[in-house]
Amino acid sequence: MADRPYNRGTMTKTLTPAAKVLANPAAAMITLEDVELTLPSAAGPVHILRGLDLTIDRGETVSVVGPSGSGKSSMMMIIAGLERATVGVVTIGGTRFDGLDEDSLARFRRDSVGIVFQDFHLVPTMTALENVAIPLEFAGRNDAFDRAAACLESVGLGHRLTHYPGQLSGCEQQRTALARAFAAGPDLLLADEPTGNLDGETGQQIIDLLFGLQAEHGTTLLLITHDPQLADRCARKVKLLDGLIVDHGVAPAPAAASAAASAAAQAALP
Ligand SMILES: Nc1ncnc2c1ncn2[C@@H]1O[C@H](COP(=O)(O)OP(=O)(O)O)[C@@H](O)[C@H]1O
Ligand SMILES: [Mg+2]
């Protein structure tokens with residue numbers, strides 16, 4: 001593996017290995033307090049998120065629904081620490097984001113959050129194996145490539161390790177993105193319309209894999225979707241409208257939540 005066909009210097013800043021950032025294992029997974037996001041535009045400031053309050057506990061599966069433009073992706077970017085709230089407090093696993101500088105925030109993401117996007121977001125110049133392994137290497141894992149290969153095998157891509165994204169189908173690309181998202185054992189999985197670029201059948205495969213991995217790892221899941229059936233597979237549904245949460249949904253009782261997780265795991269079995 002000495003001469004891999006990529007140049008690390010052009011990718012992301014190398015981060016030193018860090019302990020898990022999550023400060024308080026007993027804390028809620030996600031807490032938003034009066035979160036606002038205002039961005040500048042040629043026509044003046046745009047108030048994208050207008051005061052969100054939300055608490056999501058560990059292990060919950062929560063769908064986020066709402067019309068296009070209601071702020072779903074913006075909320076996810078703030079929860080991922082990819083966008084800073086203009087106003088309000090974001091706390092993930094007991095860690096307040098406003099106390100973290102950019103490097104600490106990047107370490108937090110790397111160690112604790114998996115993200116899956118509609119358009120896969122794979123690095124086109126890296127093989128499937130490298131796409132999954134390189135973030136693990138940055139995290140200081142010396143088994144990065146073995147772990148990445150095992151993760152790709154677990155999503156049925158053991159025979160595609162050396163393929164580049166351009167040589168993979170959409171479904172295979174999203175499987176690679178799922179393997180990457182779960183590889184570091186994140187506490188939180190964020191998915192933004194993960195089946196939006198796939199047809200019904202391959203989308204279903206991705207969703208079964210997603211819920212199977214979620215149940216296996218006990219990961220907290222926040223899933224943005226337009227698909228009502230998909231939203232119903234989550235135990236709770238949050239609705240956004242015009243930058244506000246208009247329905248927080250109901251968190252199920254612990255017994256119901258564990259039954260829902262078992263059902264999801266069963267559904268994911270071949
Ligand atoms: N960088 C930006 N600058 C200005 N407005 C933006 C920016 N990003 C998103 N928006 C606007 O914010 C609103 C919410 O967008 P988004 O979070 O993508 O909604 P959704 O994911 O629900 O479709 C939309 O009106 C969108 O046009
Ligand atoms: Mg969106």
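The exercises below, each with a worked solution, concern a predicted model.

**Exercise 1. Helix packing**

Determine how the axes of helix H3 and helix H4 are oriented to each other, and which residues meet.

Solution.
- Locate the helices: H3 spans residues 128-138 and H4 spans residues 144-154.
- Take the axes: they come within 8 Å and cross at roughly 130°.
- Classify the angle: 65 to 115 degrees counts as roughly perpendicular and over 145 as roughly antiparallel, with the rest, apart from angles under 35, counted as oblique. H3 and H4 are therefore oblique to each other.
- Assign the hand: the crossing of H3 with H4 is right-handed.
- List the contact: H3 contributes Ala128, Leu129, Val132, Ala133, Leu136 and Glu137. From H4 come Ala144, Phe145, Arg147, Ala148, Ala149, Cys151 and Leu152.
- Sort these residues by character: eleven are nonpolar, none is polar and two are charged.

**Exercise 2. The shell around ligand 1**

Identify the residues around ligand 1 and state which element gives the most to the shell.

Solution.
- List the surroundings: Leu39, Ser41, Val46, Ile48, Gly66, Ser68, Gly69, Ser70, Gly71, Lys72, Ser73 and Ser74 surround ligand 1.
- Assign elements: strand S2 (46-56) and helix H1 (72-79) each supply at least two residues of this shell.
- Rank them: H1 gives the most, with three residues.
- Sort by character: the shell has three nonpolar, eight polar and one charged residue.

**Exercise 3. The four-stranded sheet**

Work out the strand order of the open sheet and explain why S2 and S5 each have a side without a neighbour in the sheet.

Solution.
- Read the order: the four strands run S2-S1-S4-S5, with antiparallel pairing.
- Find the edges: S2 and S5 (95-96) each have a single partner strand, so one side of each lacks a neighbour in the sheet.
- Inspect one pair: S4 (residues 87-92) and S5 are antiparallel and joined over two bridges. Ile92 stands opposite Thr95 in S5.

**Exercise 4. Pairing of strand S9**

Describe how strand S9 pairs with S3 and with S10.

Solution.
- Begin with S3 (residues 61-65): this strand and S9 (residues 236-241) pair in the parallel sense over four bridges. In this pairing Val64 is opposite Val238 in S9.
- Turn to S10 (residues 244-247): S9 and S10 pair in the antiparallel sense over three bridges. Here Lys239 faces Asp247 in S10.
- Examine the connection: S9 and S10 form a hairpin with two residues between them. Asp242, in the turn, has a positive phi of about 50°.

Conventions: Residues are numbered from 1 along each chain as its sequence is written. Chains are lettered from A and ligands numbered from 1 in the order in which they are written. This is a predicted model: local features need pLDDT of at least 70, side-chain atom pairs count only at pLDDT 80 or more; totals for chains, interfaces and linings use all residues. Axes are lines fitted to C-alpha atoms, for helices over the stretch in contact, and angles run from 0 to 180 degrees between N-to-C directions. A crossing is left-handed if the near helix is turned anticlockwise from the far one by less than a right angle, and right-handed if clockwise. Two residues are in contact if their C-beta atoms, placed from the backbone, lie within 7 Å. Ala, Val, Leu, Ile, Met, Phe, Trp, Tyr, Cys and Pro count as nonpolar, Asp, Glu, Lys and Arg as charged, and the others, Gly among them, as polar. A residue is near a molecule or strand if its C-beta atom, placed from the backbone, lies within 6 Å of it. Two strands pair if DSSP finds at least two bridges between them.
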